[in-house]
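Q: I'd like a close look at one small part of this model, with enough of the surroundings to place it. Could you walk me through it?

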Amino acid sequence: MHDQFDVTLEDSDLLGEVELTTSLIIAASESDDHLSSDEIDQILGVVPEPRHES
């Protein structure tokens, strides 16, 4: 008999956000000091935009 409430849900965006949050929590717990913005960007995989000279 099929159970209508036995449904597997997967939200790839949510899973990605959980993974990033977990990475930040682990890095923060392993650090003796606050994480800098650059360290956080590196953990999150943020790539800085190239600077344009005026």
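Is Asp 13 buried or exposed? Please take that residue as the starting point and work outwards from there.

A: Bear in mind that this is a predicted model. Asp 13 comes out at 57% relative accessibility, and since anything over 50% is called exposed, that's the label this residue gets.

As for where Asp 13 sits, it belongs to helix 1, which runs over residues 12-30. There's a nice detail at the N-terminal end of that helix: Asp 11 acts as the cap. One of the side-chain oxygens of Asp 11 lies 3.1 Å from the backbone nitrogen of Asp 13. So Asp 13 has its backbone nitrogen facing a capping partner, while the residue as a whole counts as exposed.

Follow helix 1 along and you cover 19 residues, with 27 Å between its first C-alpha and its last. That's close to the 27 Å expected at 1.5 Å a residue.

Now look across to Leu 44. Its C-alpha is 14 Å from that of Asp 13, with the two positions 31 residues apart along the chain. Leu 44 is part of helix 2, residues 37-44, and is partly exposed, at 31% relative accessible area. Leu 44 also joins Leu 20 and Val 46 in a nonpolar surface patch, and together the three have about 210 Å² of accessible area.

Beyond helix 2 comes the segment that holds His 52. This histidine is exposed, with a relative accessible area of 73%. Its C-alpha lies 31 Å from that of Gly 16, and the two are 36 residues apart in sequence.

Zooming out, the protein has 2 helices and 0 strands. Its radius of gyration is 19 Å, well over the 10 Å that the globule rule gives for 54 residues, so the protein is more spread out than a compact globule. The C-alpha atoms fill a box of roughly 65 × 35 × 10 Å along the principal axes. Just 2% of the 54 residues count as buried. The protein exposes about 5,600 Å², with carbon and sulfur atoms supplying 51% of that area.

Key:
Residues numbered from 1 in each chain as written. Predicted model: local features only at pLDDT ≥ 70, side-chain atom pairs only at ≥ 80, totals over all residues. Heavy atoms only, no water. Helix = DSSP H or I, 4+ residues; strand = E, 2+ residues; numbered from the N terminus. Rg over C-alpha atoms; globule rule 2.2 N^0.38 Å. Buried < 20%, exposed > 50% of the residue type's maximum accessible area, 1.4 Å probe, protein only. Areas by Shrake-Rupley, 256 points an atom, 1.4 Å probe, with all protein chains shown as cover. Expected span 1.5 Å × (residues − 1). Polar contact = N/O pair within 3.5 Å; in protein donor to acceptor, adjacent residues only side chain to side chain. Patch = residues over 30% accessible without salt bridge, like charges linked within 9 Å, V, L, I, M, F, W, Y side chains within 5 Å. Salt bridge = Lys/Arg side-chain N within 4 Å of Asp/Glu carboxyl O.
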